[in-house]
Amino acid sequence: MKLSKLGVVGCGNMGGAIVRGVIARKIINPECVFLNDKDKKKSECLFRETNGQIKELLPLIKEADIIIVAVKPQDFGEVLEIISKNINGQTIVSIAAGITIKTIIDKIGRQIPVVRVMPNMASFELAGMTCIAFNEEVKNADEIKNIFLGIGEVLEVEEHMMDSITALSGSGPAYLFYLAEAMNEAGCALGLEKDIVKKLVTQTLYGSAVFMKNTDSSPGDLIKMVASKGGTTSAALSVFTANKMKDIIKTAILKAKQRSEELSGR
């Protein structure tokens with residue numbers, strides 16, 4: 001089977017994570033990974049780290065089979081403008097939140113293979129959750145999924161689910177970091193040293209996530225395993241319940257979904 005050539009436009013956070021993942025896990029050879037960023041320092045740094053090939057934008061578009069657009073929102077339209085004039089059968093993959101497949105097709109001006117993906121920040125550690133939606137023109141879906149398996153787990157979804165996914169999974173790491181920040185502040189208020197607090201909070205959250213992933217028990221059942229009646233955990237949880245923390249969290253996630261819909265123009 002012909003080895004596809006992957007072009008990554010935008011070598012910053014997520015673009016860089018994708019390149020590191022596909023090369024570290026030997027999904028695509030470095031000589032078949034093309035790097036481009038308007039900030040040349042970013043592409044040069046990623047080149048030194050991965051041996052991917054630096055290319056100017058126009059040659060990258062013409063030579064790549066799959067083009068991942070991982071640029072800032074303000075640069076997205078400019079990149080699509082160049083792509084629209086030079087594309088010839090390549091698959092376009094967008095990681096831009098709020099940009100629909102229809103928006104991309106309208107900008108290109110004709111039907112082409114387009115993939116919309118929503119990875120999250122855990123991808124930087126190759127432990128991300130990436131949701132992927134394809135239009136009907138895409139013929140290499142398995143290959144696209146394999147690329148994103150380089151940075152974690154992959155789930156194929158219908159595009160209409162993307163606003164909800166953005167709110168729950170794309171923004172999700174920030175919710176966990178918010179909880180961690182509160183736990184850190186509480187630990188320091190209790191008189192513990194900062195390095196001890198960081199170790200306790202980080203390992204507790206990490207280990208709990210691993211445990212939850214590896215069990216069939218629901219989060220509610222796991223809470224019961226930790227919280228004995230009249231114990232310390234129950235005392236803490238009673239404060240959450242009294243302040244309707246679940247309602248606050250659900251309202252916040254719904255607000256994030258609404259914002260994603262606004263960014264999508266809906």
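Guide: Welcome! One term first: accessible areas here come from the Shrake-Rupley method with a 1.4 Å probe. Please keep in mind that this is a predicted model.

Visitor: What share of the exposed area of the chain do carbon and sulfur atoms supply?

Guide: Start with the total, as the chain exposes about 15,900 Å². Of that area, the part supplied by carbon and sulfur atoms is 57%.

Visitor: What percentage of the residues of the chain count as buried?

Guide: A residue is buried when its relative accessible area is under 20%. Applied to the 266 residues of the chain, that cut-off gives a buried share of 38%.

Visitor: How far apart are the end C-alpha atoms of helix α1?

Guide: Helix α1 covers residues 13-24, which is 12 residues. The expected span is 1.5 Å times one less than the number of residues. That rule predicts 16 Å, and the model agrees, because the end C-alpha atoms of α1 are also apart by 16 Å.

Visitor: Is α1 largely enclosed or largely open?

Guide: The buried residues of α1 include M14, I18 and V22. They pack against other elements, among them β1 (6-9), β2 (33-36) and α6 (141-149). In total 9 of the 12 residues of α1 are buried, so with respect to the rest of the structure this helix is largely enclosed.

Visitor: Which residue with a positive phi follows α1?

Guide: Look just past the helix for a backbone phi near 55 degrees. The residue that follows α1 with this positive value is K26.

Visitor: How far apart are the mean positions of the positive and negative charges?

Guide: The chain has 33 positive and 31 negative charges. Their mean positions are separated by 2 Å.

Note on methods: Residues numbered from 1 in each chain as written. Predicted model: local features only at pLDDT ≥ 70, side-chain atom pairs only at ≥ 80, totals over all residues. Heavy atoms only, no water. Buried < 20%, exposed > 50% of the residue type's maximum accessible area, 1.4 Å probe, protein only. Lys, Arg positive; Asp, Glu negative; His and termini not counted. Charge placed at Lys NZ, Arg CZ, Asp CG, Glu CD. Helix = DSSP H or I, 4+ residues; strand = E, 2+ residues; numbered from the N terminus. Contact = heavy atoms within 4.5 Å.
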